[in-house]
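Open the structure in your viewer and switch to a cartoon display. We will take this tour one selection at a time.

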Amino acid sequence: MHFSITFLLSVLPCIFAQYGNPPSSPTKSSGAAPSSTGTATPGVHTVEAGNGNLAYSPSSITAAVGETIEFHFFPPLHSVAQGDFATPCTPPANGTGFFSGDITTSSGENTNVFTIKINDTNPIWFYCVIPTHCQAGMSGVINPPADGSMTLAQYQLAAGKVASSVAPANVQGGVLGPVKAATTSSSTPSPSSKSAGVPTGGGVQWVMFALTGTVAIAVGGLLL
């Protein structure tokens, strides 16, 4: 059945409103495309230990209460221990603080990380207990004093003069386990990512063509 151009123009808005846009300009919903790229989880800070040098990267971290720090270890042997600004390369005298233990890695990044939780915003100094590492500059600070009264540069300068490092007696103050900072999104879009109101499996097909001076519209294979 054929319609005049005037009639078709009058009903097109109703048809578009019912069936949605034609394939030439599909409706896209944000976040529908899957991604395999890892993204950092909010509130988790990643620190690399010894990735090609005797240093932590980053060596200075600002973290809020409730956030966590993940220490990632690289070859051949490193650790992380909480220290004391007044006595570099030495754990707190009262036996508190964290210590990962010595983490040996033969190749690439170790599959386990050492995770600590931030309970306050007081400065936390840390260092590697492996001999000569702290003295060579492998140390860092979480939440350094804003007034500059104690700096990492001062700590490292003093550490360079220390004869030897002291390791805590026990592994404590954190959790050694699989990495949690990097997550991979699913390769399958969730149901919520589908555009509402647009049927799947082909949807509505629009075909406009000229035929003896009139316009016909085929919707889903049905010629009107």
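The stops below follow some strands, their partners and a helix in this predicted model.

**Stop one: a parallel pair.** Select residues 44-49, which form strand β2, together with residues 68-73, which form strand β5. These two strands run parallel and are joined by 6 bridges. To see one of the pairings, highlight Glu48: its bridge partner in β5 is His72. As background, strands of a sheet pair through backbone hydrogen bonds, either parallel or antiparallel.

**Stop two: a hairpin.** Keep β2 selected and add strand β3, residues 56-57. Here the pairing is antiparallel, over 2 bridges. Look for Ala49, whose bridge partner in β3 is Tyr56. Now trace the chain from β2 to β3: the two form a hairpin, with 6 residues between them. Click on Gly50 in the turn, where phi is positive, at about 70°.

**Stop three: an open sheet.** Which order do the strands of the 4-stranded open sheet follow? Going across, you meet β4-β11-β10-β7, and the pairing is mixed. Colour β4 (60-61) and β7 (81-82): they stand at the edges with a single partner strand each, so one side of each has no neighbour in the sheet.

Next, zoom in on β7 and strand β10, residues 124-127, which run antiparallel and are joined by 2 bridges. Within this pair, Gln82 stands opposite Phe126 in β10.

**Last stop: a helix on the sheet.** Select helix α2, residues 152-159, which packs on this sheet. The helix touches β10 and β11 (139-142), and its direction makes about 150° with that of β11.

Notes. Residues numbered from 1 in each chain as written. Predicted model: local features only at pLDDT ≥ 70, side-chain atom pairs only at ≥ 80, totals over all residues. Heavy atoms only, no water. Pairing = 2+ DSSP bridges. Contact = heavy atoms within 4.5 Å. Axes fitted to C-alpha atoms, helices over the stretch in contact; angles between N-to-C directions.
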